[in-house]
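Trainee: I would like to examine how the terms applied to this structure are justified.

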Amino acid sequence: MADPIRVLVQQLARLPGVGEKSATRLAYHLLRTPDLASRLALAIADVTQKIGTCATCMTLSDTDPCAFCADGARDGSMVCVVATPADIAAIERGAHFRGRYHVLHGLLSPLDGIGPDELRIGELLRRVGQDQIAEVILATNPSVEGEATAMYIAKLLGPLGIVVSRIATGMAVGSELEYTDQATIARAIAHRAPV
């Protein structure tokens, strides 16, 4: 493999979910379609130059404040804490939440060297202290890291006298009980709601 191709394959393979075979396939596809390769290179350069972090909620945006923080119709007393900007997109697809957000940019993971100082927890605490926030909704993944992060933040926010809630977990709509793992069933039973 020619050196520039090898370098391209190595760089593409660093992307999440892209292995060496997929990276090789992508590299050769880009070589066959130079117009696509040029547009992709411009889009990557453009996004790295124009996207920054919202000073309020820490999401990625081309404006500061971002569209969510600048939207006066959103409920500023309710903040939903998420791990990544992609989590905001997932919540917004449902169009049920009309509050504001706060992005941590990761989850606590001591084995990976990610502690509280590597996350945007300090900014959340400052925000809660300065703004008129009545409720913080912890919407981290129901993984070991997500649960640890939610519990850590809940402990920090507890003494501040605001409502701290956690998103519900359990059975997905449309799933079948017999094919659901035991941890999910246990959680669904533990967090059951009255009918």
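Mentor: We may begin with D131, which is partly exposed at a relative accessible area of 36%. The model is predicted, so local features need pLDDT of at least 70 and side-chain atom pairs count only at pLDDT 80 or more, while totals for chains, interfaces and linings use all residues. Residues are numbered from 1 along each chain as its sequence is written, and side-chain values use heavy atoms, with hydrogens and water left out.

Trainee: Why is D131 called partly exposed?

Mentor: Buried means under 20% relative accessible area and exposed over 50%, with partly exposed in between (1.4 Å probe, protein chains only). D131 has 36%, and therefore counts as partly exposed.

Trainee: What makes R127 and D131 a salt bridge?

Mentor: The term requires a side-chain nitrogen of Lys or Arg within 4 Å of a carboxyl oxygen of Asp or Glu. The closest N and O atoms of R127 and D131 are 3.9 Å apart, so the pair qualifies.

Trainee: Is R127 itself buried or exposed?

Mentor: R127 has 6% relative accessibility and therefore counts as buried.

Trainee: Which residues of helix α6 are buried?

Mentor: In α6 (residues 121-130; helices are DSSP runs of H or I, at least four residues, and strands runs of E, at least two, numbered from the N terminus), they are I121, L124, R127 and V128.

Trainee: How do you know that they line one face?

Mentor: Seen down the axis of α6, they fall within an arc of 120°, taken from the directions from the helix axis to the C-beta atoms. On the other side, G129 and Q130 are exposed.
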